[in-house]
Amino acid sequence: MDAPRPREPSPRLRPTHRLPDVVVLGGGIIGCATAAMLADRGASVVLVERTAIGAGASGRNLGAIQHPFDRVLVPLHYESLTRYRALADGTASDFRIGGSPAGLLLLNADADAAAAKAAALRRAAPELAAELLTPDEVVAAEPALAHGPAAVRLATGYPVPPAAATLAWADLAVERGATLLVGRAGRPSISQDAVVGATLDDGEEIGAGAVLVAAGPWSPPLVDANGGWQPIRATHGVTVQLRLGDAAPRHIVEEDEVESINRAEAATERAASATDDEPPSLFSVASAAGISTLGSTFLPVEPDPARIEALLLRRAATFLPAVTEAEIVGRRMCARPQSVDGRPFIGPVEGIAGLFVCAGHGPWGISIGPATAAIAARAILDGTPPPPELAASRPR
């Protein structure tokens with residue numbers, strides 16, 4: 001019962017005859033946003049995507065643009081919000097983002113732990129206006145939730161259809177003159193320790209002065225075919241799309257701990273302690289455009305999505321009983337690019353002139369992606385180094 005794949009680009013997307021300045025490998029939100037920004041500055045850009053725009057995590061996420069709970073990533077989140085608003089105002093796409101956050105509820109069955117979390121967030125992130133809610137107040141805020149958990153309510157969270165942002169950036173890239181080659185796999189072409197372009201799966205060569213690898217969890221072998229660069233691993237997520245009607249929460253709702261497992265090692269550790277019958281998952285739901293997306297798992301190996309769907313629905317029913325009666329309209333699975341430290345790797349690749357990377361965003365791709373795309377574009381066009389905590393060359 002897979003949901004329809006993200007729509008294909010329009011027929012107007014045709015190869016250019018001008019030798020491109022930059023080839024972008026990957027049609028997720030990072031690749032599409034970077035292509036749009038490069039083209040806006042006058043660069044000739046070809047984006048190569050092996051399946052479909054937004055086919056991975058960029059189109060199969062929860063649909064929640066939110067605060068990433070990391071001091072290094074937080075400025076990127078707020079910059080991304082500014083860029084999203086400009087995107088919504090400046091394109092003909094149907095992408096929209098709210099002027100104020102819908103709010104995020106972090107549910108916790110332990111009231112003392114919820115209180116401690118609220119206090120910690122007030123100190124660490126006062127801009128989130130952390131508010132502790134009792135079980136009664138939780139149900140008052142979201143009547144469809146089951147009575148029981150306490151919660152911390154935070155001033156963050158912008159629900160959007162999961163693929164909408166990526167498709168809007170792709171449309172903007174084309175509008176600005178970039179070419180999108182969809183259904184073609186590619187890899188960097190390197191000669192004498194320098195990029196000379198990209199080689200497509202059928203052997204066609206595209207000459208270019210720079211190549212950006214923005215292929216999510218599939219980036220490491222494109223950066224280093226010999227396997228020496230491995231700071232990003234895949235963790236697999238399954239989501240279920242539902243029609244909840246009036247029971248759809250207005251807030252983004254998550255079981256607490258979601259932000260604390262944004263590590264490849266943490267996902268592996270959780271999976272190792274679980275049984276095959278009970279793989280680890282945490283309840284989360286975001287609603288946009290009449291569809292509620294239910295998640296989520298953080299698994300180190302690709303699961304059977306039908307089995308995970310049943311697991312997610314069963315566990316979600318303890319928090320949101322209406323899921324048992326909801327119409328199921330789709331199921332999606334994706335591989336998230338989990339980095340070793342929970343932060344993306346951006347910038348030039350050591351030892352290969354003209355090769356750049358922007359990957360490893362974990363679950364924060366749509367929350368910080370446009371700002372990291374801007375960092376990548378500046379690195380390519382201006383030689384501006386990324387922040388040290390995000391540099392592709394940082395210790396791993």
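Biologist: Let me start with one residue: is Cys358 buried or exposed?

Modeller: Cys358 is buried, because its relative accessible area is 1%, and buried here means under 20%. Keep in mind that this is a predicted model. Cys334 can be read in the same way: it counts as buried, with a relative accessibility of 8%.

Biologist: How many disulfides does the structure hold?

Modeller: The general idea is that a disulfide is a covalent bond between the sulfur atoms of two cysteines. In this structure there are zero disulfides.

Biologist: Now the whole chain, please. How many helices and strands does the protein chain have?

Modeller: The protein chain has nine helices and 19 strands. Of its 396 residues, 58% are buried. The area that the chain exposes is about 15,800 Å², and 52% of that is supplied by carbon and sulfur atoms. Contacts add to the picture: among those between residues at least 6 apart in sequence, 75% join residues at least 24 apart.

Biologist: How do I read a helix? What should the twelve residues of H1 span?

Modeller: Count 1.5 Å a residue, using one less than the number of residues. For helix H1, residues 29–40, the expected span is therefore 16 Å, and the end C-alpha atoms are 16 Å apart, which agrees.

Biologist: How many of the residues of H1 are buried?

Modeller: Eleven of the twelve are buried, so H1 is largely enclosed by the rest of the structure. Among the buried ones are Ile29, Ile30, Cys32, Met37 and Leu38. Just after H1 comes Gly42, which takes a positive phi of about 95°.

Biologist: On to sheets. In what order do the strands of the eight-stranded sheet lie?

Modeller: Strands of a sheet pair through backbone hydrogen bonds, either parallel or antiparallel. The open sheet of eight strands has mixed pairing, and its order is S5-S6-S4-S14-S15-S16-S13-S17. At the edges stand S5 (131–133) and S17 (327–339), each with a single partner strand, so one side of each has no neighbour in the sheet. From one strand to the next, the twist averages 20°.

Biologist: How many bridges join S4 to S6?

Modeller: Five bridges join S4 (residues 104–108) to S6 (residues 150–154), and the two strands run antiparallel. To find one by eye, look at Leu105, whose bridge partner in S6 is Arg153. Then look for helix H3 (residues 111–124), which lies across S4, S5 and S6 and runs at about 15° to S6.

Biologist: What is the order of the three-stranded sheet?

Modeller: This open sheet has the order S9-S10-S11, with antiparallel pairing. S9 (186–191) and S11 (205–207) are its edge strands; each has a single partner, so one side of each is left without a neighbour in the sheet. Here the twist averages 35° from one strand to the next. S9 pairs with S10 (residues 194–200) over six bridges in the antiparallel sense, and Gly186 stands opposite Leu200 in S10.

Biologist: Let me finish with a loop. Where is the place of Glu325?

Modeller: Glu325 is in the loop between helix H8 (305–317) and S17. With a relative accessible area of 70%, Glu325 is exposed, because exposed means over 50%.

Biologist: How far apart are Glu325 and Leu244 in sequence and in space?

Modeller: Glu325 and Leu244 are 81 residues apart in sequence, while their C-alpha atoms are 8.2 Å apart in space.

Conventions
Residues are numbered from 1 along each chain as its sequence is written. This is a predicted model: local features need pLDDT of at least 70, side-chain atom pairs count only at pLDDT 80 or more; totals for chains, interfaces and linings use all residues. Side-chain values use heavy atoms; hydrogens and water are left out. Helices (H or I, at least four residues) and strands (E, at least two) are DSSP runs, numbered from the N terminus. Buried means under 20% relative accessible area, exposed over 50%, partly exposed in between (1.4 Å probe, protein chains only). Two strands pair if DSSP finds at least two bridges between them. Axes are lines fitted to C-alpha atoms, for helices over the stretch in contact, and angles run from 0 to 180 degrees between N-to-C directions. Contact means heavy atoms within 4.5 Å. Accessible areas come from the Shrake-Rupley method with a 1.4 Å probe; for residues, only the protein chains shown count as cover. A disulfide is a pair of cysteine sulfur atoms within 2.5 Å.
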